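Please look through the sequence and the model below before reading on. The report that follows is meant to be read with both in view.

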Amino acid sequence: MRNSYRIKYGICLLLMASLFASCNKEDSLDNELSSRTVNITFNASTNSGANPTSEETSDLRALVFRQTSDEKVQWLPQPETSWSRLSEDNYQMSCQLETGIYHFSLSKGLSVVETEEEGNSSNQCFWVENEESQSLNSYVVQHPKGEDGKLKECTVALFLNQDDMEKGKNIESNQDFSTALTHAQARLDFIIGYKGDDEVSPFDRIKEINIELTGINAAYGLTGKEIQSGPKAGFSQTLGSEDFDGFDFNSYKQDFEKFIISKDISASLSGVTAETAKIKKWLFFPTESVSGTLSVTYNNGYTKDVSLNELKLSENMATIVVVWVSQEHLKLELEGIGEGKLDGFSGTGENGFWN
């Protein structure tokens with residue numbers, strides 16, 4: 001009886017050892033699968049209006065965020081990403097990642113910096129490195145500011161894959177994806193012209209122009225969402241004739257979808273010549289309502305102010321302000337404020353702009 005008991009006991013030990021080894025093997029296999037490194041490729045398209053740089057891929061970036069819970073993600077300082085240019089408006093990004101769920105923010109014209117001070121030293125939108133696990137909408141892009149806290153002029157257009165950024169991708173094996181980089185900013189076009197019988201530049205009568213704007217969004221979500229409680233800032237510039245570009249109405253219309261601008265503005269500009277008007281364009285984050293003042297100082301020292309009330313800066317749209325220096329020497333007229341859909345694929349809704 002004792003020998004029989006010993007035999008049964010030995011068999012039980014063998015079965016337990018076999019089962020334990022099997023579990024360890026499965027756990028090891030699961031761990032191996034969950035930490036497997038795979039290759040990821042993104043084909044990112046833009047429109048030729050994106051104005052690729054001469055260095056082709058120097059201002060293209062990929063921010064990779066790994067999902068840590070149902071509501072939070074964490075930025076990965078690694079992996080290394082490589083970009084190649086397939087054609088004038090198509091780029092390819094490649095990287096290696098461990099399996100998991102990820103969000104990818106691909107960008108053109110975005111500066112990635114270690115500190116806010118570093119970002120503000122440039123003239124393009126920037127993102128400050130942040131390894132904290134946060135909700136996706138907590139990661140924001142910032143417009144550069146000067147030492148006075150006001151917005152600087154942004155000279156580099158920003159493109160993001162905003163819609164695609166929100167969609168988490170379950171990376172289980174080598175995979176290929178496609179996305180589109182769309183313009184993430186609004187454009188403010190300020191046109192100043194001379195209204196009279198002669199071919200006269202408006203700056204024949206003007207010494208300088210000062211523009212002051214308040215209430216502009218200083219931060220914007222990587223997913224393309226306006227930060228409702230985000231910081232607002234002002235913007236100011238003093239401008240002379242050398243700060244404006246020559247204006248040709250027929251060339252200007254090429255910027256717009258089907259060459260359509262608001263009827264009132266189109267009608268008022270149709271007779272304008274390169275000699276009688278100039279234009280200045282700024283890039284800002286979309287903002288529901290911006291107010292400001294335009295001050296014009298004439299050569300004789302007289303200053304005239306014009307109020308700019310509730311300007312709406314919409315993504316993928318140009319907000320157009322037209323101001324005339326009239327034939328009467330000191331008369332200034334605000335002809336109208338309107339919008340135009342800029343040409344390109346749709347970015348937000350049906351508003352096309354350089355996408």
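This report goes from the whole protein to its salt bridges and then to one asparagine.

The model is a predicted one, in which local features need pLDDT of at least 70 and side-chain atom pairs count only at pLDDT 80 or more, while totals for chains, interfaces and linings use all residues. Residues are numbered from 1 along each chain as its sequence is written, and side-chain values use heavy atoms, with hydrogens and water left out.

**The whole protein**

The secondary structure comes to five helices and 25 strands, where helices (H or I, at least four residues) and strands (E, at least two) are DSSP runs numbered from the N terminus. Of the 355 residues, 45% count as buried; here buried means under 20% relative accessible area, exposed means over 50%, and partly exposed lies in between, with a 1.4 Å probe and protein chains only. Among contacts (heavy atoms within 4.5 Å) between residues at least 6 apart in sequence, 71% join residues at least 24 apart.

**Salt bridges**

Side chains of opposite charge can pair when their charged atoms come close. A salt bridge is counted when a side-chain nitrogen of Lys or Arg lies within 4 Å of a carboxyl oxygen of Asp or Glu, and by this rule the protein has nine salt bridges. The table gives some of them.

| Acidic residue | Basic residue | N to O distance |
|---|---|---|
| E98 | R66 | 3.6 Å |
| D189 | R187 | 2.8 Å |
| E288 | K312 | 3.9 Å |

In the pair of E98 and R66, E98 lies in strand 5 (residues 90–98) and R66 in strand 2 (residues 60–67), so the salt bridge ties together parts that are 32 residues apart in sequence. E98 is partly exposed, at 37% relative accessibility, and R66 is also partly exposed, at 24%.

In the pair of D189 and R187, D189 is buried with a relative accessible area of 0%, and R187 is buried with 2%. These residues belong to a network of salt bridges that links R187, D189, D255 and K281.

E288 pairs with K312; because E288 lies in strand 20 (residues 287–298) and K312 in strand 21 (residues 303–313), this pair ties together parts that are 24 residues apart in sequence. K312 is partly exposed, at 40% relative accessibility.

**The surroundings of N210**

N210 is placed in strand 15 (residues 206–217). Which residues is N210 in contact with, leaving aside its neighbours within four places in sequence? They are Q237, T238, T293, L294 and S295. With T238, the side chain of N210 also makes a polar contact of 2.8 Å between side chains, a polar contact being a pair of N or O atoms within 3.5 Å in which, within protein, one must be able to donate a hydrogen and the other to accept it, and residues adjacent in sequence count only if both atoms are side-chain atoms.
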